[in-house]
Amino acid sequence: MDVAVIGGTGQEGFGLTLRLAKAGHHVTIGSRSAERGAASAAEAREIVGDHARVDGTTNAEAAADAAVVAVTVPYEGQAEIYRDIKPAIPAGTIVMDATSPLATAVGGRPWQVLRPWHGSAAEQADALLSQGVRMVGAFHTISGHTLQDLEHALDSDVLVCGDDAGAKAAVGSLVDDIPDLRWVDCGPLSMARIAEPMTALLISINRTYKVKDSGFRIVGRDSWGDPRS
């Protein structure tokens, strides 16, 4: 699958790029600078191996041709990024938002959260695009640090929210392609109001125990089957 990772030069985006490229997907890293995007892509190919299909360019160019556009940017830059890529995204594109509205956006602590006017960062992103995109919220509770460490086995579930079942399933298939991750359909996009603040909870747990890889597992998930059936 062709995936654009907007903000792919950051910790979360670069980690997601590595994992998806290792799984065989074609990933295009988006950045404010085409040169920086290309440099990060070269670094990703060096880490994953010559077989990795990773390119780099500007955010808008990356978003224009992808089946899934994953936006992995800090909350303070979210609105500006979406306004930048909005003209490039065709209607019907699946957009996966991984933004968590942490209080660092206003000088606060990373284990504190803000409440966006629309209820969640994902709903805010959907309102900013407002052109028939298929918005999904996911990957809020998977840290960039663990994603980048390809030798580290991931032990977590990915909470996926969205109003479009097909879009959630497409994002879920990307999750399933990453070893040791599972996706959980959490319902409509409004459930991102609950999922996003869980990032702050994990940051607080990591801080308390002096670790970097805490995560969530949903008990019983293996016996539930496919939510699409």
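This report describes selected helices, strands, loops and charged pairs of a predicted model.

## Strands β7 and β8

Strand β8 covers residues 181-185, and 4 of its 5 residues are buried, so the strand is largely enclosed by the rest of the structure. Its partner is strand β7, residues 156-162. The two strands run parallel and are joined by 5 bridges. One pairing within this arrangement places Val-158 opposite Trp-183 of β8 as its bridge partner. Between the two strands the chain passes through helix α7, residues 165-176, and the resulting β-α-β crossover is right-handed.

The loop between α7 and β8 contains Asp-180. This residue is not a glycine, yet its phi is positive, near 75°. Asp-180 has a relative accessibility of 44% and therefore counts as partly exposed.

## Salt bridges around the strands

How many salt bridges does a search of the whole structure find? The search finds 7. One of them joins the side chains of Arg-182 and Asp-157, with an N to O distance of 2.7 Å. Because Arg-182 belongs to strand β8 and Asp-157 to strand β7, this pair ties together parts that are 25 residues apart in sequence. Both Arg-182 and Asp-157 are buried.

A second salt bridge links Asp-185 with Lys-168, whose closest N and O atoms are 2.8 Å apart. Asp-185 lies in strand β8 and Lys-168 in helix α7, so the pair connects parts separated by 17 residues in sequence. The two residues may be described separately: Asp-185 is partly exposed, with a relative accessible area of 31%, whereas Lys-168 is buried, with a relative accessible area of 7%.

## A salt-bridge network

The side chains of Arg-217 and Asp-155 also meet in a salt bridge, at 2.9 Å from N to O. Arg-217 is located in the segment after α9 and Asp-155 in the loop between α6 and β7, so this pair ties together parts that are 62 residues apart in sequence. Arg-217 counts as partly exposed at 33% relative accessibility, while Asp-155 is exposed, with a relative accessible area of 57%.

Which residues are linked in a network of salt bridges? The network consists of Asp-155, Asp-157, Arg-182 and Arg-217. Within it, the buried residues Arg-182 and Asp-157 are linked with the exposed Asp-155 and the partly exposed Arg-217.

## Helix α5 and its surroundings

Helix α5 spans residues 121-129. Its buried residues include Ala-121, Ala-122, Glu-123 and Gln-124, together with Ala-125 and Leu-129. The elements that cover these buried residues include helices α4 (75-85) and α8 (192-195), as well as strands β5 (94-97) and β6 (134-137). After α5 comes Ser-130, which has a positive phi near 40°.

## Glu-196, a buried residue without a salt bridge

Glu-196 occupies the loop between α8 and α9 (198-209). Glu-196 is buried but has no salt bridge. The nearest side chain of opposite charge belongs to Arg-115, which is 6.0 Å away; a salt bridge requires the nitrogen and oxygen to be within 4 Å.

Which backbone nitrogen does the side chain of Glu-196 reach? The side chain extends to the backbone nitrogen of Ala-122, at 2.9 Å. Ala-122 is one of the buried residues of α5. Apart from neighbours within four places in sequence, the contacts of Glu-196 are Thr-99, Ser-100, Pro-101, Ser-120, Ala-121, Ala-122 and His-140.

## Phe-139 and Ala-200

Phe-139 is placed in the loop between β6 and α6 (144-148). Although Phe-139 is not a glycine, it has a positive phi of about 70°. Its relative accessibility is 4%, so Phe-139 counts as buried.

Ala-200 belongs to helix α9 and counts as buried because its relative accessibility is 5%. Setting aside neighbours within four places in sequence, Ala-200 is in contact with Leu-102, Pro-110, Trp-111, Gln-112 and Val-113. Ala-200 and Ile-142 are separated by 58 residues in sequence and by 12 Å in space, from C-alpha to C-alpha.

Note on methods:
Residues are numbered from 1 along each chain as its sequence is written. This is a predicted model: local features need pLDDT of at least 70, side-chain atom pairs count only at pLDDT 80 or more; totals for chains, interfaces and linings use all residues. Side-chain values use heavy atoms; hydrogens and water are left out. Buried means under 20% relative accessible area, exposed over 50%, partly exposed in between (1.4 Å probe, protein chains only). Helices (H or I, at least four residues) and strands (E, at least two) are DSSP runs, numbered from the N terminus. Contact means heavy atoms within 4.5 Å. Lys and Arg count as positive and Asp and Glu as negative; His and the chain ends are not counted. A polar contact is a pair of N or O atoms within 3.5 Å; within protein, one must be able to donate a hydrogen and the other to accept it, and residues adjacent in sequence count only if both atoms are side-chain atoms. Two strands pair if DSSP finds at least two bridges between them. A crossover is right-handed if, with the strands pointing away from the viewer, the path from the first strand over the helix to the second runs clockwise.
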